[in-house]
Amino acid sequence: MKRLFLLYAIVVLFAAPAVIAQIAGEVLLADDGALYATATEWSRDHPDVDAKSESYITVTIRRASDAAQRLIVPATLQGGTNTNPAIAYDNASATLFVFWQYWPNMMSSEMKFISYHAETGWSAPASFDEASYSLRRSLRIALTRTAADKDDDGRITWVSEVNVHATWWEETGGGESANYAMITIRDGEAAAQVHDLASFVTSKTETKEIDPDANRELLRHPAIFEAADGRSVDIVFGELASNKFHRVSISPIGNARVRVPVGIQDKTFEPPPSISAMSAVARIDAISPAPERMVFYYELDGVMHYLLYRDGKWSGEKTMAIDEHTSRSTILAGMRNLVGAQ
């Protein structure tokens, strides 16, 4: 099994450098109007960059009409292969968080993160969840900005505390699963805890029978959404053992502990009746302002594909070409309106 997995990892990482370039990076807009975008670049395509690594991560910052500023995450220049970047931004501290997957070699990988502030620059990088024979992808992150603090009498107050929540899909020689980590950063020190997301499922789930030849790729892309009040995150993830989706709400408690709030901890729903041949190369994202409304989408070869989940029902897969008349941002705005997202 490890030999088969290693062969798969070699194909993903080294067989086709162009694959990395084809994966769209994340884009976010901060409250101050700055636009941040990530990308993964193959070092051999940029001989002017002094890189000891096979690939590295860049962040492009654009403010109003100013020229774009392109930054290279310095920790990704030192060696290995760096892929799958994800970003989140804390408006209160004006801090950008960057997470990515780092391969020191073909047989091991780890999750790494770093932060950036316009005045102080890059922080020291940190890593968590190192593993051998493990392939991670579909990395996403989100923030909570408060945590529940319970006193000896059981009274809860909400205190200011930034926690970074990360989700990803992990494949090992023993199987596949959606994983989760919460990272609390205090005084320059990072405390991380990692969970299999299936451990948050509180009710017994019956297996949904689907066509044995069906493509289950959609189940392998966990999505994460920040709550408007900054107290929790919602995570939607697939479970191959049951062929179903779960949605859990997670909020931090003081002292970097995690709880799943009683009453809203788990919502289970079925995948679409027919899952098309989604490519593992495509980045699948989601928009969801409420549990009963969600749209999954991905871009491939200049075409936007999307599936709508609303009031317990799935639409069929729909497509929209991206061209000079219909931009990617226009289609995304339309999808946000489709599910009532602000």
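**Exercise 1. Is Glu54 buried, partly exposed or exposed?**

Solution. This is a predicted model.
Step 1: take the relative accessible area of Glu54, which is 35%.
Step 2: compare with the cut-offs. Buried means under 20%, exposed means over 50%, and partly exposed lies in between.
Step 3: conclude. Glu54 is partly exposed, because its relative accessible area is 35%.

**Exercise 2. Find the salt-bridge partner of Glu54 and place both residues in the chain.**

Solution.
Step 1: name the partner. Glu54 forms a salt bridge with Arg44. The closest N and O atoms are 3.8 Å apart.
Step 2: locate the two. Glu54 and Arg44 both sit in the loop between strand 2 and strand 3 (55-63), ten residues apart.
Step 3: check the partner's surroundings. Arg44 is exposed, because its relative accessible area is 55%.

**Exercise 3. Describe the salt bridge of Glu176, then look for a wider network.**

Solution.
Step 1: find the partner. Glu176 pairs with Arg220, with the closest N and O atoms 2.6 Å apart.
Step 2: locate the pair. Glu176 is in strand 12, while Arg220 is in the loop between strand 13 (189-196) and strand 14. They are 44 residues apart and link distant parts of the chain.
Step 3: classify each end. Glu176 is partly exposed at 33% relative accessible area. Arg220 is buried at 14%.
Step 4: take another pair. The side chains of Arg283 and Asp285 meet in a salt bridge of 2.9 Å, N to O. Arg283 is buried, with a relative accessible area of 13%. Asp285 is buried too, at 12%.
Step 5: look for shared partners. Salt bridges join Arg137, Glu171, Glu176, Glu217 and Arg220 into one network.
Step 6: set this against the total. The structure holds 15 salt bridges.

**Exercise 4. Two residues other than glycine have a positive phi: Ser138 and Asp311. Work out where each one lies.**

Solution.
Step 1: read the angles. Ser138 has a phi of about 55°. Phi of Asp311 is near 55°.
Step 2: locate them. Ser138 belongs to strand 10 (residues 134-150). Asp311 lies in the loop between strand 21 (303-310) and strand 22 (313-314).
Step 3: classify them. Ser138 is buried, because its relative accessible area is 6%. Asp311 is exposed, because its relative accessible area is 59%.

**Exercise 5. Describe the largest nonpolar core and the strands that supply it.**

Solution.
Step 1: start with the size. The largest nonpolar core has 30 residues.
Step 2: pick out the best-connected members. Leu197, Ile235, Phe245, Ile250, Met294, Phe296 and Trp314 touch the most other members.
Step 3: trace the strands. Those supplying at least two residues each include strand 12 (175-186), strand 16 (244-253) and strand 20 (293-300). Strand 15 gives the most, with four residues.
Step 4: look elsewhere. Another core, of 18 residues, lies apart from it and includes Ala34, Ile57, Val73 and Ile114.
Step 5: recall the general tendency. In soluble globular proteins, nonpolar side chains tend to be buried together.

**Exercise 6. Find a nonpolar patch on the surface and classify Leu35.**

Solution.
Step 1: name the members. Val27, Leu29 and Leu35 form a nonpolar patch with about 280 Å² of accessible area together.
Step 2: locate Leu35. Strand 2 (residues 34-42) contains Leu35.
Step 3: classify Leu35. It is partly exposed, because its relative accessible area is 35%.
Step 4: view the whole chain. The chain exposes about 16600 Å², and carbon and sulfur atoms supply 50% of that. Of its 342 residues, 47% count as buried.

Terms used. Residues are numbered from 1 along each chain as its sequence is written. This is a predicted model: local features need pLDDT of at least 70, side-chain atom pairs count only at pLDDT 80 or more; totals for chains, interfaces and linings use all residues. Side-chain values use heavy atoms; hydrogens and water are left out. Buried means under 20% relative accessible area, exposed over 50%, partly exposed in between (1.4 Å probe, protein chains only). A nonpolar core is a set of buried Ala, Val, Leu, Ile, Met, Phe, Trp, Tyr and Cys residues joined through side-chain atoms within 4.5 Å. Accessible areas come from the Shrake-Rupley method with a 1.4 Å probe; for residues, only the protein chains shown count as cover. Patches are made of residues with over 30% relative accessible area and no salt bridge: like charges are joined within 9 Å, nonpolar side chains (Val, Leu, Ile, Met, Phe, Trp, Tyr) within 5 Å. A salt bridge is a side-chain nitrogen of Lys or Arg within 4 Å of a carboxyl oxygen of Asp or Glu.
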